[in-house]
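Biologist: I have not looked at this one before, so could you walk me through how its aromatic rings pair up?

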Amino acid sequence: MSFPPSLLSQNSLVRFGRNAGVVGVLFATVLLSGCLSTKHYIDPTLPKIDIASLKQPTTPQPVQVFFEFQTNGTTNTKATEYVRPIVLDTIKKSKLFSDVVTAPTTAQRKLFVTINNLVNMDDAKARGFTTGLTFGLSGTMVTDGYQLTASDAMTGRDEVKHSYKHAIYTTIGNADGPAGLSEVPKADAVRLAMEGLTLNLLNDMSKSGELQ
Amino acid sequence: MMAPNRISLSGVVRLVAALAVCVATMSLTGCATVVATPYQPTNDNVRSLQALPGGLVSLGEFTAKSPDLNHLSIRSNSFTSPFNDSFAEYLKAALRSELEASGKLDPKSPVVITGELQTNSIDPAMGTANAHISARIVIKRGNETVFDKVVHGDSEWESSFIGAIAIPMARQQYGETLKKLLANLFADPSFKKVL
């Protein structure tokens with residue numbers, strides 16, 4: 001059965017049909033790309049610090065901690081809520097302070113901690129799209145850089161600043177991870193990276209004498 | 001082989017099906033409500049406030065100059081405030097969280113901050129997106145007006161073609177714009193003098 005040419009312009013409709021098909025394939029590709037396997041690796045550059053190696057102060061003092069997580073310099077509320085307990089827990093476990101609080105307090109020591117997640121979004125998107133389009137055959141690796149900056153402010157004393165860098169590598173689809181690194185479960189990667197940054201801060205604070 | 005000026009029924013069916021998929025996809029991605037992120041105090045603003053040696057303040061009424069200022073949209077999605085759909089209340093909540101975190105808030109203080117939202121916009125265009133917020137902030141000590149200025153927060157960022165990326169980014173950037181407005185307020189020499 002066919003329609004007369006006055007009702008439908010065959011060429012334009014067929015072209016549109018083909019385009020719609022291409023759009024459909026792209027949508028399916030994007031949706032399916034969510035199922036691609038990801039693997040996580042932690043950069044080995046930052047020194048590994050054990051809580052037991054921290055130098056305990058003679059008289060631990062209370063501290064009020066302010067924490068903020070940023071993505072490319074912009075406050076990331078959801079990530080702040082996720083990472084804050086990890087940072088606070090690490091500080092508490094260190095036992096370097098008599099009390100660790102976030103609410104306004106009379107504590108004379110205030111520790112401002114900011115972790116900035118640096119990631120090239122455009123590059124990550126472009127690579128991820130290629131990986132999705134090939135159903136993971138063309139794998140990719142993206143790097144999440146993290147920079148912790150901290151200010152240790154105490155009444156009657158000059159402020160002390162600290163800064164540390166860390167990174168998590170994530171492979172998507174069929175890509176090799178960084179040479180010599182072992183895969184870390186997804187649930188542990190962020191926690192280990194955040195703990196590593198915080199422990200390096202605490203280690204320097206405990207050994208520089210600023211907690212005495 | 002088809003005749004040059006005719007189309008088969010199966011071709012039309014395939015076309016209608018493809019159109020239906022497109023319409024369904026578009027309908028699923030648009031017309032939702034996006035609620036602004038709960039504002040969290042920021043380290044920079046808290047440190048600015050804590051550096052001020054002065055006393056404590058309380059918060060009064062925050063209103064919008066026009067009801068239209070409470071109606072924003074991001075890529076065809078309605079963008080609303082989590083505080084009674086009022087962005088003036090959102091501004092008040094943001095200021096409260098910064099003052100609370102820095103230990104500068106006392107509901108009984110005779111120094112009262114009030115505000116009027118004057119401009120409120122967000123445009124998550126493909127390419128360079130932007131947001132602008134301004135508010136008239138008035139501070140009274142008893143009956144005396146000790147501060148009366150319009151403060152601004154402006155942001156620009158690179159947005160994405162893909163809505164699933166652009167919308168959360170715009171939501172985040174709105175909070176960032178509010179943070180900048182408050183940073184400008186806290187950095188104002190007259191505000192510092194009041195506190």
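Modeller: What follows goes through the aromatic ring pairs and then a charge over a ring, and please keep in mind that this is a predicted model.

Biologist: How many aromatic pairs are there over all chains?

Modeller: The count over all chains comes to ten aromatic pairs. In one of them, the ring centres of Phe79(B) and Tyr174(B) lie 5.2 Å apart with the planes at 75°, and since planes over 60 degrees apart count as edge-to-face, that is how this pair is classed.

Biologist: Where do Phe79(B) and Tyr174(B) lie in chain B?

Modeller: Phe79(B) is in strand β4 (residues 77–80) and Tyr174(B) is in helix α4 (residues 163–187), so the pair ties together parts of chain B that are 95 residues apart in sequence.

Biologist: And are those two buried or exposed?

Modeller: Both Phe79(B) and Tyr174(B) are buried. Ring pairs also link these two with Phe83(B), Phe87(B) and Tyr90(B) into a cluster.

Biologist: Ok, what about Phe147(B) and Phe191(B), how are they arranged?

Modeller: Phe147(B) and Phe191(B) form an edge-to-face pair, at 6.0 Å centre to centre and with 85° between the planes. This pair links distant parts of the chain, as Phe147(B) belongs to strand β7 (residues 144–159) and Phe191(B) to helix α5 (residues 189–194), 44 residues apart.

Biologist: Why do Phe147(B) and Phe191(B) count as buried?

Modeller: Buried means under 20% relative accessible area, and Phe147(B) has 3%, while Phe191(B) is at 0%.

Biologist: Changing topic, which residue lies over the face of Phe112(A)?

Modeller: That is Arg47(B), which lies over the face of the Phe112(A) ring at 5.0 Å from the ring centre.

How values were computed:
Residues are numbered from 1 along each chain as its sequence is written. Chains are lettered from A and ligands numbered from 1 in the order in which they are written. This is a predicted model: local features need pLDDT of at least 70, side-chain atom pairs count only at pLDDT 80 or more; totals for chains, interfaces and linings use all residues. Side-chain values use heavy atoms; hydrogens and water are left out. Rings of Phe, Tyr and Trp (its six-membered ring) pair if their centres lie within 6.5 Å; planes under 30 degrees apart count as stacked, over 60 as edge-to-face and the rest as tilted. Helices (H or I, at least four residues) and strands (E, at least two) are DSSP runs, numbered from the N terminus. Buried means under 20% relative accessible area, exposed over 50%, partly exposed in between (1.4 Å probe, protein chains only). A charge sits over a ring if NZ of Lys or CZ of Arg is within 6 Å of the ring centre and within 35 degrees of the ring normal.
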